Amino acid sequence: MSNITAAVIANRNKKHFLGVPAPLGYVAGVGRGATGFTTRSDIGPARDANDVSDDRHAPPATKRKKKDEEEEEDEDLNDSNYDEFSGYSGSLFSKDPYDKDDEEADAIYDSIDKRMDEKRKEYRDRRLREDLERYRQERPKIQQQFSDLKRSLASVTSEEWSTIPEVGDSRNRKQRNPRAEKFTPLPDSVLSRNLGGETSSTLDPSSGLASMVPGVATPGMLTPTGDLDLRKIGQARNTLMNVKLSQVSDSVTGQTVVDPKGYLTDLQSMIPTYGGDINDIKKARLLLKSVRETNPNHPPAWIASARLEEVTGKVQMARNLIMRGCEMNPQSEDLWLEAARLQPPDTAKAVIAQAARHIPTSVRIWIKAADLETETKAKRRVFRKALEHIPNSVRLWKAAVELENPDDARILLSRAVECCNTSVELWLALARLETYENARKVLNKARENIPTDRQIWTTAAKLEEANGNIHMVEKIIDRSLTSLTVNGVEINRDHWFQEAIESEKSGAVNCCQAIVKAVIGVGVEEEDRKQTWIDDAEFCAKETAFECARAVYAHALQIFPSKKSIWLRAAYFEKNHGTRESLEALLQRAVAHCPKSEILWLMGAKSKWMAGDVPAARGILSLAFQANPNSEDIWLAAVKLESENAEYERARRLLAKARGSAPTPRVMMKSARLEWALERFEEALRLLIEAVEVFPDFPKLWMMKGQIEEQQRRTDDAAATYTLGLKKCPTSIPLWILSANLEERKGVLTKARSILERGRLRNPKVAVLWLEAIRVELRAGLKEIASTMMARALQECPNAGELWAEAIFMETKPQRKTKSVDALKKCEHDPHVLLAVSKLFWSEHKFSKCRDWFNRTVKIDPDLGDAWAYFYKFELLHGTEQQQHEVLDRCIAAEPTHGEAWCRVSKNIQNWQFKTPEVLLAVVRELSIPV
């Protein structure tokens with residue numbers, strides 16, 4: 001008993017009803033005879049629940065809020081709020097500070113909870129996936145249900161597709177064709193009978209429905225006595241309208257002033273067009289009025305006020321304001337011009353005449369007066385009156401001369417140059433209208449009056465050239481530079497070059513050459529002459545001034561006759577913009593000054609060969625042999641010349657001599673290739689075996705040897721050749737591809753994959769090896785492996801256009817466009833990507849866009865033969881004959897040499913004599929239409 005505390009005793013003695021609300025209807029003391037009664041507190045307040053509270057002595061809101069917050073923060077630590085398992089429902093230590101120990105404990109508990117959750121996460125995710133898969137199997141998507149049917153659509157022919165009936169409307173006939181609601185107009189008799197609003201007690205005898213029982217009709221008070229004719233009401237309405245229109249008719253012409261069709265349009269035009277705030281207009285008016293009153297002699301204030309009123313639609317007020325301004329400032333030409341603009345044409349003439357009386361020396365006012373005239377004769381009269389007041393105005397003279405015929409213009413110009421003797425334009429215009437002798441006199445007078453202008457000198461030179469005095473042109477240009485220098489004029493090379501370009505465009509070739517020769521050395525340092533002159537020539541060529549560029553090259557070659565780079569640039573310039581004769585003449589001079597330059601000899605020989613003059617080409621090459629006895633390029637050019645002209649024995653003898661004097665890898669390769677092309681396989685293999693012993697690191701020798709062995713169906717020997725070649729030349733990408741393709745053709749797919757994998761390890765980040773590996777998988781029908789490999793390839797080579805081009809067509813049709821956008825973002829200017837996009841537009845039948853993208857592709861890389869082949873095939877199918885010839889000519893001019901399909905045809909030994917057009921046609925036959 002000693003262990004029982006006082007609290008337990010107190011709890012045992014505690015009554016059960018303490019703290020519990022009284023039951024309903026309980027009255028205290030009713031057992032002792034007490035009587036229950038009802039007070040206001042028992043039945044609630046007398047106000048409605050929605051009335052405003054009458055709490056007159058309530059504490060302030062802030063204090064009430066603080067008190068409520070304190071009550072909320074007080075924790076209920078009563079025994080009734082205690083549970084033996086979870087303790088108090090609130091927090092016992094919410095008032096205590098939260099220190100680092102508490103934070104660490106919470107972190108430990110959180111980590112434990114997270115760890116326990118992770119243990120169950122794998123099971124939970126697996127359960128979720130299983131449920132989802134089971135749900136998908138029980139309730140598949142509609143798309144999945146029809147997937148097999150969609151795949152079978154690929155075998156549907158166009159005829160079957162066209163016979164599929166259109167989708168009909170399954171609704172019934174009444175729903176498909178709803179009948180419009182019909183309204184039947186009432187007859188006039190019904191309207192007239194019911195106009196008074198009465199209820200008729202009898203039937204209309206005329207309706208045929210009269211009753212046999214007699215009755216009396218009781219008409220209403222407003223019942224009309226006769227029938228109501230609505231047609232007469234319409235006629236009366238039209239008569240009333242005619243009366244109103246005649247009231248506003250014009251008494252002179254008898255025509256109505258009101259336009260019925262344009263009435264609303266006229267009302268719309270009366271609405272002010274200004275869309276701003278009306279308060280802004282008032283402020284602007286007030287401000288401008290203040291400016292006018294403060295300084296009435298300030299013309300811009302009057303002009304601004306008038307324009308403000310014009311903008312707001314008050315044109316008449318604007319005219320009044322501007323005329324008041326002209327009265328206040330009669331010497332302001334701006335005010336008079338603005339007044340003439342605001343006035344109608346007839347009034348404007350009077351206003352501008354008044355302005356000319358006040359300011360007779362204003363050029364702008366006289367020109368405005370001429371513009372207001374409509375007849376040429378009146379314009380001439382105005383200009384002549386103006387020249388009486390302002391004889392030294394060049395603008396007025398030019399405007400007056402433009403209105404005259406040539407004879408009168410010459411008379412006017414002779415007077416004009418007397419009044420305005422410093423105007424170059426007037427002197428030159430007069431010289432153009434005069435004869436040759438008089439023009440020379442005019443230009444001499446012009447030089448006397450204006451000794452500092454170059455245009456007079458160049459015009460004189462053009463005049464002499466036009467009349468056949470070529471020897472005078474250079475003298476005049478040299479004298480002009482001397483005279484201008486004496487008169488203190490700085491010689492600007494850019495201005496003179498521009499003058500030379502203008503001279504060439506006007507047909508004065510000798511004048512432009514003389515100008516270039518005279519000024520080309522002005523202001524150029526000696527060490528900068530070569531580069532500066534090359535830049536000048538390129539600038540002239542860009543401006544299509546080919547004679548100027550030719551003159552620059554000629555002067556540069558005269559100063560630097562032994563510079564091969566200048567000769568080459570001049571030769572390429574003549575090849576692109578000159579004739580064959582000019583090119584050959586230049587090359588003859590070039591090889592005379594630079595006999596050791598092989599490319600100049602070769603260009604000369606090729607020019608003769610392309611012209612069909614084979615003996616002359618041989619002669620040039622023999623001279624080249626004498627100047628360069630052991631030149632590989634000249635030997636090979638001679639061999640090509642003979643082989644192209646079917647002189648095979650002579651070509652073999654030349655190659656034998658070349659092997660003896662200059663045994664290079666290219667000479668050995670060309671020798672073996674010629675024997676291969678002539679189908680002398682044993683001789684070709686003998687040469688290649690000798691070559692690979694001497695030059696084992698030249699991969700083309702190994703490739704040719706392997707290809708000849710493949711052609712002889714010795715696949716094992718070819719595989720051994722490729723393997724040995726890869727050991728000697730591990731960086732040769734085509735050799736890896738040839739070896740893999742051989743294994744693929746043998747059916748050993750695993751070995752082909754292995755070879756390409758080794759090639760990628762030895763040559764990382766090479767897109768062509770990745771592309772070949774992907775195509776091996778595609779040819780084997782393993783599209784998923786190919787897609788995975790493509791993703792790896794794009795990660796390693798993200799900017800490889802060949803891979804992106806292949807990736808576009810590996811996608812399904814709906815996803816190709818998205819893939820092409822990604823490819824263009826990565827490789828915007830790659831020709832393979834542009835070609836793939838062109839083929840994509842072709843497959844979508846967007847022929848206009850396809851043609852634009854083909855043009856863009858061949859412009860970026862004209863050496864890509866595949867682009868030309870696809871472009872030409874596209875034009876053959878969808879272009880005109882003119883477009884086909886244009887593409888063919890552009891391809892022949894570009895002479896492409898690269899491209900996968902192009903090289904497959906051009907490097908085929910059976911096509912070794914094909915020219916560019918023949919290769920193009922062969923490639924076009926192999927290509928398929930993109931789908």
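The following exchange examines how several labels applied to this predicted model are justified.

User: Why is helix 15 called roughly antiparallel to helix 16?

Analyst: Helix 15 (residues 333–342) and helix 16 (residues 345–358) pack at an angle of about 170 degrees, and their axes lie 8 Å apart. Angles over 145 degrees count as roughly antiparallel, so helix 15 is assigned that label with respect to helix 16.

User: Which residues of helix 15 and helix 16 meet?

Analyst: From helix 15, Trp336, Leu337, Ala339 and Ala340 take part. Their counterparts in helix 16 are Ala348, Val351, Ile352, Gln354, Ala355 and His358. By class, this contact comprises eight nonpolar, two polar and no charged residues.

User: What makes Gln354 and His358 polar, rather than nonpolar or charged, in this classification?

Analyst: Both residues belong to the helix 16 side of the contact. Neither Gln nor His is listed among the nonpolar or the charged types, so each falls among the others, which count as polar.

User: Why is Thr544 called exposed?

Analyst: The relative accessible area of Thr544 is 52%. The label exposed requires a value over 50%, and Thr544 therefore qualifies. Thr544 is found in the loop between helix 27 (529–542) and helix 28 (546–559). Its phi is positive, at about 60 degrees, although Thr544 is not a glycine.

User: How do you know that Lys765 counts as exposed?

Analyst: Lys765 has a relative accessibility of 63%. Set against the cut-off of over 50%, this value places Lys765 in the exposed class. Lys765 lies in the loop between helix 40 (749–762) and helix 41 (767–779). Its phi, near 60 degrees, is a positive value in a residue other than glycine.

User: What makes Leu920 notable within the largest nonpolar core?

Analyst: That core has 213 residues, of which Leu803 and Leu920 touch the most other members. Not counting residues up to four places away in sequence, Leu920 touches Trp868, Ala869, Tyr872, Leu888, Cys891 and Trp902. Membership of such a core requires a residue to be buried, that is, under 20% relative accessible area. In soluble globular proteins, nonpolar side chains tend to be buried together.

User: How many residues does the protein have, and what share of them counts as buried?

Analyst: The protein has 931 residues, and 33% of them count as buried. Its accessible surface comes to about 61000 Å², with 53% belonging to carbon and sulfur atoms. The secondary structure consists of 50 helices and two strands. Among contacts between residues at least 6 apart in sequence, 50% join residues at least 24 apart.

Conventions. Residues are numbered from 1 along each chain as its sequence is written. This is a predicted model: local features need pLDDT of at least 70, side-chain atom pairs count only at pLDDT 80 or more; totals for chains, interfaces and linings use all residues. Side-chain values use heavy atoms; hydrogens and water are left out. Helices (H or I, at least four residues) and strands (E, at least two) are DSSP runs, numbered from the N terminus. Buried means under 20% relative accessible area, exposed over 50%, partly exposed in between (1.4 Å probe, protein chains only). Axes are lines fitted to C-alpha atoms, for helices over the stretch in contact, and angles run from 0 to 180 degrees between N-to-C directions. Angles under 35 degrees count as roughly parallel, over 145 as roughly antiparallel, 65 to 115 as roughly perpendicular and the rest as oblique. Contact means heavy atoms within 4.5 Å. Accessible areas come from the Shrake-Rupley method with a 1.4 Å probe; for residues, only the protein chains shown count as cover. A nonpolar core is a set of buried Ala, Val, Leu, Ile, Met, Phe, Trp, Tyr and Cys residues joined through side-chain atoms within 4.5 Å.
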